[in-house]
Amino acid sequence: IANMAESESLETVTEHERILQEIESTDTACVGPTLRSVYDDQPNAHKRFMEKLDARIRNHDREIEKMCNFHHQGFVDAITELLKVRADAEKLMGQVSDTNRRLQDAGREVTAQTEEVIRCRIQQRNMATTVEKLQLCIPGETPHLCKNLSVYYSALKTMEQLENIYIPRVSQYRFCQIMAETLPKLREEIKEISMSDLKDFLESIRKHSDKIGETAMRQISSENIINLVEVLTAQDLVDFSPVYRCLHIYTVLGDRETFENYYRKQRKKQARLVLQPQSNMHETVEGYRKYFNQIVGFFVVEDHILHATQGLVTRAFTDELWNMALSKIIAVLRTHSSYCSDPDLVLELKNLIVIFADTLQGYGFPVNRLFDLLFEVRDQYNETLLKKWALVFRDIFEQDNYSPIPVENEEEYKAVVSRFPFHDAEIEKQQFPKKLPMSQSVPQIYSQVKEFIYASLKFSESLHRSSTEIDDMLRKSTNLLLTRTLSSCLQNLIKKPHIGLTELVQIIINTTHLEYACKYLEDFITNITNVSPETVHTTRLYGLSTFKDARHAAEGEIYTKLNQKIDEFIQLADYEWGMAESDGRASGYLMDLINFLRSTFQVFTHLPGKVAQTACMSACKHLATSLMQMLLDTELKQISMGAIQQFNLDVIQCELFASSEPVPGFQGDTLQLAFIDLRQLLDLFMVWDWSTYLADYGQPTSKYLRVNPSTALALLEKMKDTSKKNNIFSQFRKNDRDKQKLIETVVKQLRSLVNGMSQHS
């Protein structure tokens, strides 16, 4: 029994331990069933459990006390720290409260806007739904029309369908009646909008005509065609949709004619503006280029409209515009090209006209009148070239030293003959250094004539002319250069005061060589054009006549200047007409004159023989005439026999000069015959051979055949007056009285001869 009691006691203790562990480890809700099991056990078991529970509580109290003792200082420290941060916590609380308030205020605005966004999105969703539903009512072809003819044309089709199909179905509704009344107004608004687009288009192409034309002309230009990667059209540069749109709209509305008339009227106005040039267009090539670009751009647009629309413009309309434009263009170019003085600018103008004509010809416009105009421009080009080369020739002549070209060696000789076709076997045989007969201006002139031919040839490029026509143009322009420009420069040169006899001689030599070189210029042109000079219609060069005329003018100027120089020496004569007897030697002025003539005629050795002979004969005749006029001068009243003797000595020197053959080639005494009148007159007075003169007068064999009675009478009267003044015949000597009577008798007979001659004449 005791063992049983002991075992029951152990079980009870074990059970109580379990119950205490459950109480400690389970939730409060489960404690009730656990405590109930205490009362369900043996009687008084709860007392033992209470004792056990009290012991357990005391045990826990001891552990809690230990724990508190252990953590007491930490708790105190924590409380102290909390007291320290209380102020910061209060401040943070204030900031959090303020932030919360502001967030609440901002949130109210966001909430309101969010609600508005929600309402807008609901409206958008409703609108999209409405549009989707309405589209189901629109005919199926409408989206296709919108894509191709724009929204305006689509709107018109839609209105037509509404008016004819859909509105009649629901016409009982008031909104349909309002819609039906609004449709005509909408149509007018669409017309106005499309017309506004058309006006913008017209203004746009007016501004872009320059670019359109520039592109078209660049594509035609031969120098750019090869390098052209992509061919641009007017449609690539301009949006033509406003024209198509407006045309379709007016066609749908049944008012196409109004649109066509308006478009054509506006384009005519723009054509007149395009054709109006700037006043200074002729000053630069850019002025001409812009003018042509605008015109080409205008007609390229019209050509595109012609082919892209049906009847908006017709071929007759574009032809009318082109004919009007062509007349204006030709008149403008004639006027402005006449102002051009630069041949390079005229050449640029020609090139622009060619490209302009080729471009428009490619679009089907007739351009024959433009190519005819080029002939006028060619004449203008030649005129500017002639003016330019006139200055070139003038500079060459001014810089020339008018001396034979010296060549020191073979290299210099070849340098000259490479520029000028000179061939002379005798000169080629001479040793260096040597001189070529012409001066430095000759090869320069020849080279410049060739340069002129090249410049003239430039105008013929791209003109689509045959070789024969080009050859003819080159020869005609070269003839103008030779016969007009070079000839005028030579004539002016010859007349210049500073050009003396030496220079004139050199000019004659130069013209001779230039004349010889004309045949080489003929060959030069032939090599360029490949047209044989034997062709029937080939124009010949007139250089021969040019240089012959210049040479004749130079020869005449030589004669004139020689005579002027002789006159200058004659003016230095200072005869003592009342001298009793001569000095026994010729006058100083005359000897100086003869020395001058000798040195001058030595220079003439390079001249053609007839020129030198003519100059020499002319000088001698002029000298003889001047001496005769000196004797017969009406201002000279008295001449003594001594003066006659002195005068005779001077004439003898002239005759000696003539007989010395100053210029080779005279036959016999041809040159002395220039002084025959003086010689016979002086012999008559020196010998006092009046009986022979009077007896043989009128006979072909007369010794004094060249003495005119009036000349003899005039001189005799001067000697008679001198005798009276000196009282020679006042002395009563028989010889003097006889001589006086003889003079009076001769005077009477001479007067009789003179009177007889006048009556006979």
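These are my notebook entries on one chain, taken topic by topic.

**Entry 1: the whole chain**

I started by noting that the model is predicted. I then counted the secondary structure and found 26 helices and two strands. The chain has 761 residues, and 39% of them are buried. I looked up the surface next. About 43700 Å² is exposed, and carbon and sulfur atoms supply 52% of that area. I also checked how far contacts reach along the sequence. I took contacts between residues at least 6 apart, and 78% of these join residues at least 24 apart.

**Entry 2: a nonpolar patch**

Which residues make the nonpolar surface patch of about 540 Å²? I listed Phe75, Val76, Ile79, Leu82, Leu83 and Val85. I picked valine 76 for a closer look. Valine 76 sits in helix 3, which covers residues 45–135. Its relative accessibility is 32%, so I logged valine 76 as partly exposed. A patch residue needs over 30% relative accessible area, and valine 76 has 32%.

**Entry 3: a patch of negative charge**

I moved on to charge at the surface. Asp574, Glu576, Glu581 and Asp583 gather there in a negative patch. Where is aspartate 583 found? I placed aspartate 583 in the loop between helix 19 (543–570) and helix 20 (588–603). Is aspartate 583 buried or exposed? Aspartate 583 is exposed, because its relative accessible area is 52% and the cut-off for exposed is over 50%.

**Entry 4: salt bridges between helices**

How many salt bridges does the structure hold? I noted 29. I followed a few of them one by one.

I took aspartate 197 and arginine 245 to begin. Their closest N and O atoms are 3.4 Å apart, and the two form a salt bridge. Aspartate 197 belongs to helix 5 (residues 174–220) and arginine 245 to helix 8 (residues 241–252), so this pair ties together parts 48 residues apart in sequence. Arginine 245 is buried, at a relative accessible area of 16%.

My next pair was glutamate 515 and arginine 551. Their side chains meet in a salt bridge of 2.5 Å, N to O. What does this pair tie together? Glutamate 515 is in helix 18 (residues 501–529) and arginine 551 is in helix 19, so the bridge links parts that are 36 residues apart in sequence. I checked burial at both ends. Glutamate 515 is buried at 16% relative accessible area. Arginine 551 is also buried, at 11% relative accessibility.

**Entry 5: a salt bridge within one helix**

I then looked up glutamate 568 and lysine 565. Their side chains form a salt bridge at 3.5 Å, N to O. Both residues lie in helix 19, and they are three residues apart, about one turn of the helix. I wrote down partly exposed for glutamate 568, at 43% relative accessible area. Lysine 565 is partly exposed too, at 31%.

I also came upon a network. Asp98, Arg101, Arg102, Asp105 and Arg108 are joined into one by salt bridges that share partners.

**Entry 6: threonine 511**

I went back to helix 18, where threonine 511 is found. Is threonine 511 buried or exposed? Threonine 511 counts as buried because its relative accessibility is 1%. I looked up its contacts, leaving aside neighbours within four places in sequence. Threonine 511 touches Leu490, Phe547, Ala550 and Arg551. Arginine 551 is 40 residues away along the chain, but its C-alpha is 6.3 Å from that of threonine 511. I had already met arginine 551 as the salt-bridge partner of glutamate 515.

**Entry 7: serine 626**

I found serine 626 in helix 21, residues 609–631. Serine 626 is buried, with 8% relative accessible area. Which residues does serine 626 contact, beyond its neighbours within four places in sequence? I noted Asp567 and Ile570.

**Entry 8: threonine 711**

My last stop was threonine 711, in helix 25 (residues 709–725). At 17% relative accessibility, I logged threonine 711 as buried; the cut-off is under 20%. With neighbours within four places in sequence left aside, threonine 711 is in contact with Met628, Leu632 and Leu681. I checked methionine 628 further. Threonine 711 and methionine 628 are 83 residues apart in sequence, and their C-alpha atoms are 9.4 Å apart in space.

Note on methods:
Residues are numbered from 1 along each chain as its sequence is written. This is a predicted model: local features need pLDDT of at least 70, side-chain atom pairs count only at pLDDT 80 or more; totals for chains, interfaces and linings use all residues. Side-chain values use heavy atoms; hydrogens and water are left out. Patches are made of residues with over 30% relative accessible area and no salt bridge: like charges are joined within 9 Å, nonpolar side chains (Val, Leu, Ile, Met, Phe, Trp, Tyr) within 5 Å. Accessible areas come from the Shrake-Rupley method with a 1.4 Å probe; for residues, only the protein chains shown count as cover. A salt bridge is a side-chain nitrogen of Lys or Arg within 4 Å of a carboxyl oxygen of Asp or Glu. Helices (H or I, at least four residues) and strands (E, at least two) are DSSP runs, numbered from the N terminus. Buried means under 20% relative accessible area, exposed over 50%, partly exposed in between (1.4 Å probe, protein chains only). Lys and Arg count as positive and Asp and Glu as negative; His and the chain ends are not counted. The place of a charge is taken as NZ of Lys, CZ of Arg, CG of Asp or CD of Glu. Contact means heavy atoms within 4.5 Å.
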